[in-house]
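Q: I should like to learn how to read individual features of a protein model, one at a time. Could we begin with the structure in view?

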Amino acid sequence: MKRGLVSRKGDGAAFVARVKRLQERLLATGAAVGLIYEDVYRADDVAYLTNLCVYWNEAILAVPAEGQPTLLTKLSPRVHQWMRATSTLDDLRSGPNFVKLVCDYLAEREPRTLAVVDRAWWPAALLEDVAAAAPEWSVRDLPDAVRSLRLAPDGLDEETLERAAAIAGEAARRAATAVDESANGRIAIAELHAREAGAKDLIADCQALDDGVEAVRVTVQLGNVWSRAARMTGGPGLTATAGPMGALSAAESRLRAGTTRSELELASVDGAMAKIAATHHADLGSNGDFRPDSDLVTPLRRGAVLTLEATVETIAGPVTALADTYLVSDGGSVALSRGEAATR
Amino acid sequence: MSSNAPTAAPAVAPIAERDARYARLREAFASHELDGLLVYVPGWRREDARYLADAQLRGSFALIHLPLDGEPTAFTLPVDRVAVAAAGWVTDVRALDLSASGTLSAAVRGAGLGPSTIGVAQLELMPVAVRAWLQTELADTRLISATRLLSAVRLVKSELELQRMRRCGELTDAGWEAFVAAMRPGRSEYEIVAEVEARMKAMGATDNFMLIASGGDEVRGMTPPSARRLGVGDMVRTELTPQVDGYWTQICRSAVLGAASDGQRASHELFAAALDAGLSALRGGVTAHDVAMAENDVFRAAGYGEYCTAKHTRVRGHGLGAHFDEVPLVEGEETVLETGAVVIVHPNTYTPLAGYHVLGDPVIVTPTGWEPLLSTTRELFEVAG
């Protein structure tokens, strides 16, 4: 749940530039308006464009090809003041019915093409009702339009990603190295460190491997970016730790610009003791469940930030034993969550 | 206030509990002429999966099919497969692959269904990609919304559900205790939340929904925390909502850093009277409207009726359970609150007396009144500044 620090909008120019890039895409496709639907679970596109935290319920961001974005939300007007203080948005419209909010917004414009960002993940009923209520608009899909921007961190995100990774790494380290601590106690240690360091959201778990070893995985949202780290505890036998370490090390050695997720995940086949999962920072909040299939074979770009996880099978299912967040460069990578300097 | 560790609850719920829930659902099917139920589980609304599978899901979406007769089938992302099976209620767990052909239709047809009508919980939230898969897999099946049906069934809790909510209530008390302990001059809102969060996670909370606001009479509502630092005289409000074993309870309290002002005391008296009135109106068989009106009448009698409107407040309380925002307690909402339902009565709103004020307690509805889930006193807390 997003119950951590929601920071002020800070560098407004960065958000203006992000919206501008989406607007260029809208213009290129002939769309007069782009609509983004998100909910509290999956709210990263809206946050990226406006710094708004959708802390509950659902929201639609309407982005015209020219001009300022407008938020259409079921959240009460009572929080408009807070939304304005913490986001770049000025035009906020609340109401119980999204169809009416969208149609009222569209009615202010000359009917043309309406681009629906990531149509596949819109509520089908809502989209049908919007199309029926605004038949003069031609609706088209605009897949991956904002996520693809988020994959290439800009200056604002670069700095935040570095801090987020440091927080995740330190939270996981503190939780894993605490002596004689219960699983709940380890999670509490991670929560306290990450949230006191300013995390907006946190997903932490502590699961048992073999030989008395436990693994603490911490996924941190700081500002509008995500990072992940996982660390293993010590134990009476340490055989459980060798597989994940070897697998992660092998994947790490292959990580550089031009590599694909597929190649990284295949790196674990040789070791067989642990599998590797690679996830872009832009997909961590929803565990990669919404990323397009093409993501697996798309070469990583210089400056990309992603997490590598070494996962082992246990009686309770797959458990992430070790994870780090990396900045990708032409010649290799930097493990941001291990405190390595992000020299570019 | 309680500071004890929560009492233990059974880790795996008995099959008898599952069967009782399925029997209630199937009775509801029959009255709506449904041949089965399909539950769509988006990442932010997992309550129906808890009710049907008693599992803690982590994936972004899942589907569960419950036929009129026979065993249920779950379709999950890889991250949830073991969790659902381990819970023991749904043993047929299959991969949710929207490009796969025949898997869902096989499960539904295997239950003996031909052309039929299936109720779909959360159909309104089902995304284009998932619904397209359903329409391909179940081309000759009529899909209608069963969201309200399932909400109605979930409204009345079983003894096991109440046991979990009582345990969550103990943890909620401890969360408030941690909140008060964290309040001190110079401490920021988000640092307070960090301490509360750590305390509740250490005690076994699996999640928490929490809003906060600090300051004076300019405060109009609660939000996620800011970097604002507390000063003497601030009233700090919170709605703290932990989850334990899939069930949520909530506490709403306000606390002043230092001695409360006359306005803050007057505000507390008003809200305490409204809360008392709401609770006095509550018993099995009354409606959500009845409780909300009782609360609002206190404001109206005191000349603050305008602050009970949507301009200043959302609801006068709401249902609790596997979701933390169930049936709303608002005037005009005629849902009957039956014995065994759990609600929080909270007349939270803004008034000019002291700004936004929160005070509320979750209770179990009984035939003659209610049973409290919290032991925290209903006072305006004053914390040494």
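A: Certainly. The model is a predicted one. We may start with a length check on one helix: at 1.5 Å a residue, the 24 residues of H7(B) should span 34 Å, and the end C-alpha atoms of H7(B) are 35 Å apart, which agrees.

Q: How many of the 24 residues of H7(B) are buried?

A: The general idea of a helix comes first. An α-helix has 3.6 residues a turn, so residues three or four places apart point the same way. In this case 18 of the 24 residues of H7(B) are buried, and the helix is mostly covered.

Q: At what angle do the axes of H7(B) and H8(B) cross?

A: A helix pair is read from the approach of the axes, their angle and the handedness. Helix H7 (residues 159–182) and helix H8 (residues 189–202), both of chain B, have axes that come within 9 Å and cross at roughly 145 degrees. The crossing of H7(B) with H8(B) is right-handed.

Q: Which residues make the contact between H7(B) and H8(B)?

A: On the side of H7(B) they are Leu171(B), Ala174(B), Gly175(B), Glu177(B), Ala178(B), Phe179(B) and Ala182(B); on the side of H8(B) they are Ile192(B), Glu195(B), Val196(B), Arg199(B) and Met200(B). By character, the residues of this contact between H7(B) and H8(B) divide into eight nonpolar, one polar and three charged.

Q: What are the surroundings of a single residue in that contact, for instance Ala178(B)?

A: One reads the element, the accessibility and the contacts in turn. Ala178(B) lies in helix H7 of chain B and counts as buried, at 8% relative accessibility. Beyond its neighbours within four places in sequence, Ala178(B) is in contact with Val196(B) and Arg199(B). The C-alpha atoms of Ala178(B) and Ala198(B), which are 20 residues apart along the chain, are separated by 9.3 Å.

Q: Which residue forms a salt bridge with Glu195(B)?

A: Glu195(B) pairs with Arg187(B), and the closest N and O atoms are 2.3 Å apart. Arg187(B) is buried, with a relative accessible area of 13%, whereas Glu195(B) is partly exposed, with 22%. Salt bridges that share partners can also be followed as a network: one joins Arg3(A), Glu191(A), Arg195(A), Glu197(B), Lys201(B) and Asp207(B).

Q: How many salt bridges are there over all chains?

A: The count comes to 63 over all chains. One of these is formed by the side chains of Arg42(A) and Asp118(A), at 3.5 Å from N to O. Arg42(A) lies in the loop between strand E1 (31–39) and helix H2 (44–50) of chain A, and Asp118(A) in the loop between strand E5 (113–117) and helix H5 (124–133) of chain A, so the pair ties together parts that are 76 residues apart in sequence. Arg42(A) counts as buried at 16% relative accessibility, and Asp118(A) counts as buried at 13%.

Q: What parts of chain B does the pair of Asp48(B) and Arg154(B) tie together?

A: The salt bridge between Asp48(B) and Arg154(B) has its closest N and O atoms 2.8 Å apart. Asp48(B) lies in helix H2 (residues 47–53) and Arg154(B) in helix H6 (residues 147–155) of chain B, so the pair ties together parts that are 106 residues apart in sequence. Both Asp48(B) and Arg154(B) are buried.

Q: Is Glu47(B) buried or exposed?

A: Glu47(B), placed in helix H2 of chain B, is buried, with a relative accessible area of 1%. Leaving aside neighbours within four places in sequence, Glu47(B) is in contact with Gln122(B), Arg154(B), Ala322(B) and His323(B).

Q: Where is Cys252(B) placed?

A: Cys252(B) is in strand E10 (residues 251–257) of chain B and is buried, with a relative accessible area of 0%. The C-alpha atoms of Cys252(B) and Leu359(B) are separated by 4.7 Å, although the two are 107 residues apart along the chain. Contacts of Cys252(B) beyond four places in sequence include Thr238(B), Ile344(B), His346(B) and Val358(B).

Q: What phi does Glu33(B) have?

A: Most residues other than glycine have a negative phi. Glu33(B) is not a glycine, yet has a positive phi of about 55 degrees. Glu33(B) lies in the loop between helix H1 (15–31) and strand E1 (36–42) of chain B and is exposed, with a relative accessible area of 68%. Asp245(B), also not a glycine, has a positive phi of about 50 degrees. Asp245(B) is found in the loop between strand E8 (235–244) and strand E9 (247–248) of chain B and counts as partly exposed, at 25% relative accessibility.

Methods. Residues are numbered from 1 along each chain as its sequence is written. Chains are lettered from A and ligands numbered from 1 in the order in which they are written. This is a predicted model: local features need pLDDT of at least 70, side-chain atom pairs count only at pLDDT 80 or more; totals for chains, interfaces and linings use all residues. Side-chain values use heavy atoms; hydrogens and water are left out. Axes are lines fitted to C-alpha atoms, for helices over the stretch in contact, and angles run from 0 to 180 degrees between N-to-C directions. Helices (H or I, at least four residues) and strands (E, at least two) are DSSP runs, numbered from the N terminus. A crossing is left-handed if the near helix is turned anticlockwise from the far one by less than a right angle, and right-handed if clockwise. Contact means heavy atoms within 4.5 Å. Ala, Val, Leu, Ile, Met, Phe, Trp, Tyr, Cys and Pro count as nonpolar, Asp, Glu, Lys and Arg as charged, and the others, Gly among them, as polar. A salt bridge is a side-chain nitrogen of Lys or Arg within 4 Å of a carboxyl oxygen of Asp or Glu. Buried means under 20% relative accessible area, exposed over 50%, partly exposed in between (1.4 Å probe, protein chains only). The expected span of a helix is 1.5 Å times one less than its number of residues.
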